[in-house]
Amino acid sequence: MLLRVFLLFVIALPAHAGEGAERLQGFLDELKTLRADFVQTQLDPKEEVVEEGEGVLYLNRPGRFRLEYSSPYEQLYVADGERMWMYEIDLDQVSVREQGNALGDTPALLLSTTAPLAENFTIEELGEHGGLSWLELRPNSKDTSFSFMLTAMEGEILRAMEMVDGFGNTTRLYFVSMERNPAIDEAKFQFTPPPGVDVIGEVEGNE
């Protein structure tokens with residue numbers, strides 16, 4: 001559930017790229033590891049709040065990240081470079097998928113991959129609002145989980161994102177704090193299902 005919300009992270013430099021897009025490109029070019037606290041709000045098509053939550057993101061480029069949601073439910077997502085593990089703690093259930101299939105053309109690629117940005121999205125400059133430099137990103141592929149998203153840069157830091165799906169539902173993310181290129185324990189990007197939990201999906205050595 002919350003994984004679908006956060007897996008909205010891909011961006012590209014378009015024909016309309018300008019200063020805001022250059023800031024975002026610079027942010028990504030220099031990014032190797034990341035630790036960020038974020039708050040998340042989901043809204044329905046009438047812009048009424050459906051759910052609020054918060055969590056912590058750990059990133060090690062390319063291809064590895066860890067999401068720890070503390071509210072509204074305890075959930076853990078680990079991308080180890082080969083698989084995406086999704087641990088629903090309250091349900092004692094783990095789902096696992098091939099990482100490429102789990103991410104696809106989703107915004108998770110924005111932070112986790114080092115591929116050229118223009119392969120996936122077109123960016124339009126929206127200017128300065130509330131002290132933030134906003135961009136609109138539309139996927140080049142039709143096979144995506146969202147229609148478009150907005151990103152906001154505060155100086156050289158990615159501060160906020162707003163994603164809208166094909167049904168008009170909106171997910172807003174705000175990075176409360178962010179530490180770029182910190183030392184992160186490799187164990188953060190590894191996952192072994194706890195004893196006794198149900199595992200759904202394919203794991204090496206199992207059918």
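**View 1. Valine 39 sits in strand S1.** This is a predicted model, and that goes for every view that follows. Valine 39 is partly exposed, with a relative accessible area of 33%. Val39 also has company: together with Tyr174 and Val176, this residue makes up a nonpolar patch on the surface. The three share about 240 Å² of accessible area.

**View 2. Strands S1 and S2 pair up side by side in the antiparallel sense.** Here we have S1, covering residues 33-43, and S2, covering residues 49-60. How many bridges join these two strands? There are 11. To pick out one pairing, start at threonine 41 and look across into S2, where glutamate 52 is the bridge partner.

**View 3. Step back to the sheet, and you find 12 strands in an open arrangement.** Reading across, the order goes S7-S8-S9-S10-S11-S1-S2-S3-S4-S5-S6-S12, with mixed pairing. Which strands stand at the edges? They are S7 (121-129) and S12 (198-201); each has a single partner strand, so one side of each is left without a neighbour in the sheet. On average, neighbouring strands here are turned by 20° against each other, direction ignored. As for side chains, a regular strand sends them alternately to the two faces of its sheet.

**View 4. Helix H2 packs on the sheet.** This helix spans residues 19-29. Which strands does H2 touch? The contacts are with S7, S8 (132-139), S9 (148-154), S10 (157-164) and S11 (170-180). Compare directions and you get about 110° between H2 and S7.

**View 5. S5 and S6 make a hairpin.** Residues 83-88 form S5 and residues 93-98 form S6; the two run antiparallel and are held by 6 bridges. One pairing to look for is tyrosine 87 with valine 94, its bridge partner in S6. Between the two strands lie 4 residues. Check out aspartate 92 in that turn, which has a positive phi of about 50°.

**View 6. On to S6 and S12, which run parallel.** The two strands are joined by 4 bridges. For a landmark, find valine 96, which stands opposite glycine 201 in S12. S12 is also one of the edge strands, with a single partner strand.

**View 7. Arg66, Glu68 and Lys188 are linked in a network of salt bridges.** Within this trio, the side chains of glutamate 68 and arginine 66 meet at 2.6 Å, N to O. Is each of the two buried or partly exposed? Arginine 66 counts as buried because its relative accessibility is 14%, under the 20% cut-off. Glutamate 68, at 25% relative accessibility, counts as partly exposed.

**View 8. Two more salt bridges, out of the 10 that the structure holds.** In one, glutamate 154 teams up with arginine 159, and the closest N and O atoms are 2.7 Å apart. Glutamate 154 is partly exposed, having a relative accessible area of 37%, whereas arginine 159 counts as buried at 13% relative accessibility. In the other, the side chains of glutamate 82 and arginine 83 meet at 3.6 Å, N to O. Glutamate 82 is exposed, with 56% relative accessible area.

Technical notes: Residues are numbered from 1 along each chain as its sequence is written. This is a predicted model: local features need pLDDT of at least 70, side-chain atom pairs count only at pLDDT 80 or more; totals for chains, interfaces and linings use all residues. Side-chain values use heavy atoms; hydrogens and water are left out. Two strands pair if DSSP finds at least two bridges between them. Axes are lines fitted to C-alpha atoms, for helices over the stretch in contact, and angles run from 0 to 180 degrees between N-to-C directions. Contact means heavy atoms within 4.5 Å. A salt bridge is a side-chain nitrogen of Lys or Arg within 4 Å of a carboxyl oxygen of Asp or Glu. Buried means under 20% relative accessible area, exposed over 50%, partly exposed in between (1.4 Å probe, protein chains only). Patches are made of residues with over 30% relative accessible area and no salt bridge: like charges are joined within 9 Å, nonpolar side chains (Val, Leu, Ile, Met, Phe, Trp, Tyr) within 5 Å. Accessible areas come from the Shrake-Rupley method with a 1.4 Å probe; for residues, only the protein chains shown count as cover.
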